[in-house]
Amino acid sequence: MALPFELVGRDQPGQVGGAWSGDGWGEASGRCCGSVAGRLAGSWWTIAGKIHGPRLTWPAARDYALPVAERILAFYERDGLNVRTYDQRVEQDIAGTSVEGDVAFYIEEAKRSPGPVLELGCGTGRVAWALAAAGAEVVGLDLSRPMLDRAEAKRVDVPAEVAARMHFQRGDMIDFTLDRRFGLVLIPYRAFQALTDPHDQRRCLAAIRRHLAAGGRLILDLFDPRLNLLAPGRAAPSSPDRGSARDPLSGRTVTMEVVSREVDVRAQCFHEVWRFTELDDHGEAARHEDDRLTLRWAYRWEMRYLLELSGYLIEAEYSDFHRSPPAYGNEQVYVARVAPAR
Ligand SMILES: C[S@@+](CC[C@H](N)C(=O)[O-])C[C@H]1O[C@@H](n2cnc3c(N)ncnc32)[C@H](O)[C@@H]1O
């Protein structure tokens, strides 16, 4: 199997393409055939990982030695600095943007919807717990065990009746089967864009349809692509410095930066490597973790057709959570229901 992948060295970031093969837990080996500076050029290396179809995951707990390169995991895959600082980072990232006010918006919509709410890609429960506190019965589904663990950890901080309304479940939004139907299904904060294959997007929308009660609605939030940020190839990240947060486990400061960005226009995806650096008591870098973020952008008309062809009728469309009309470069917020059979 040939997969594009990226290695970021301690002091020499570089992009390589490798042809490699392997299966199950164990070792796969490959020959560097891309252009990467320094010691990696033209050399052989071993790489440990697990391949499921098109996905690559890494054994989280075992310490495989990867010569030269740092191990890069997918966003939210590792129980590490990214996941532990998620709530603080998102609060900072959202402030003053077109995502601001999303939680209040979802609460308002949940109050208009009879029946339980399903949040797909619920993460640490930022939205889900707020909905439960507002009186909704909520099921939160997410692929990431570390994110779900953070969400579950919040249970002890809420009143018992709120905790009783909240259920978290591990699962893939591409295809899931739950034993109930919902009055409202949400995919907040661009989680739908983690589905990088349009076929998976359609499967996800089909699975949601199967779980909507009669008259139930779907709310989807994506960013509206800014074309000036989507020039093909590698480019300097437009906002590399992503601020800092405090790791609740160690109490230490964690700085966040985007160290590389590549745009694949054909696939409508961008790949970014985010570096989370833990600082020691002297403010020096003690260690870092690199996580890869891959998102697929969609154009407004693409989403309109995708929803229509997946059997939905768009009821409302906004560019932010204050219900502003569609606008370039902000959010794409869709409120949709199942279209009546013709
Ligand atoms: C940006 S976070 C959003 C978390 C939460 N909804 C919020 O608004 O704070 C995206 C979440 O989507 C989850 N996710 C990505 N792909 C997924 C999939 N195929 N199925 C379920 N969850 C997925 C990630 O694990 C992550 O927790």
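Guide: Buried residues make up 30% of the 342 residues in this chain. The model is predicted.

Visitor: How many helices and strands does the chain have?

Guide: The chain has eight helices and 19 strands. Next, the contacts with a separation of 6 or more: 62% of them link residues 24 or more positions apart.

Visitor: How do I read a sheet? In what order do the seven strands of the open sheet stand?

Guide: Trace the order from one edge to the other. Here it reads 10-9-8-11-12-19-18, with mixed pairing. Strand 10 (166-170) and strand 18 (312-318) have a single partner strand each, so one side of each is left without a neighbour in the sheet. On average, neighbouring strands of this sheet are turned by 20° against each other, direction ignored.

Visitor: Which way do strand 8 and strand 9 run, and how many bridges join them?

Guide: Strand 8 (residues 117-120) and strand 9 (residues 138-142) run parallel, joined by four bridges. Take one residue: Leu118 has Val139 in strand 9 as its bridge partner.

Visitor: Which strands does helix 4 touch?

Guide: Helix 4 packs on the sheet and touches strand 8, strand 9, strand 10 and strand 11 (182-187). Its direction makes about 175° with that of strand 9. Helix 5 (residues 145-153) also packs on the sheet, touching strand 9 and strand 10. The direction of helix 5 makes about 165° with that of strand 10.

Visitor: How do I read burial along a helix? Is helix 4 mostly covered or mostly open?

Guide: An α-helix has 3.6 residues a turn, so residues three or four places apart point the same way. Helix 4 (residues 126-133) is mostly covered, with six of its eight residues buried. They are Arg126, Val127, Ala128, Trp129, Leu131 and Ala132. Just after helix 4, Gly135 has a positive phi of about 110°.

Visitor: What about phi in residues other than glycine?

Guide: Most of them have a negative phi. Tyr76 has a positive one, about 70°. Tyr76 sits in the loop between strand 7 (72-74) and helix 1 (81-84). Gln268 has a positive phi of about 55°. Its loop runs between strand 15 (253-264) and strand 16 (269-279).

Visitor: Is Tyr76 buried or exposed? And why does Gln268 count as partly exposed?

Guide: Count the C-beta neighbours. Tyr76 is buried because 25 other C-beta atoms lie within 10 Å, and the cut-off for buried is 20 or more. Gln268 counts as partly exposed because it has 18 C-beta neighbours inside 10 Å.

Visitor: Which residues come nearest to the ligand?

Guide: Of the 20 residues around the ligand, Gly121, Gly123, Ser144, Tyr189 and Ala191 come nearest. By class, the shell divides into 13 nonpolar, three polar and four charged residues.

Note on methods
Residues are numbered from 1 along each chain as its sequence is written. This is a predicted model: local features need pLDDT of at least 70, side-chain atom pairs count only at pLDDT 80 or more; totals for chains, interfaces and linings use all residues. Helices (H or I, at least four residues) and strands (E, at least two) are DSSP runs, numbered from the N terminus. A residue is buried if 20 or more other C-beta atoms lie within 10 Å of its own, exposed if 12 or fewer, and partly exposed in between; C-beta atoms are placed from the backbone. A residue is near a molecule or strand if its C-beta atom, placed from the backbone, lies within 6 Å of it. Ala, Val, Leu, Ile, Met, Phe, Trp, Tyr, Cys and Pro count as nonpolar, Asp, Glu, Lys and Arg as charged, and the others, Gly among them, as polar. Two residues are in contact if their C-beta atoms, placed from the backbone, lie within 7 Å. Two strands pair if DSSP finds at least two bridges between them. Axes are lines fitted to C-alpha atoms, for helices over the stretch in contact, and angles run from 0 to 180 degrees between N-to-C directions.
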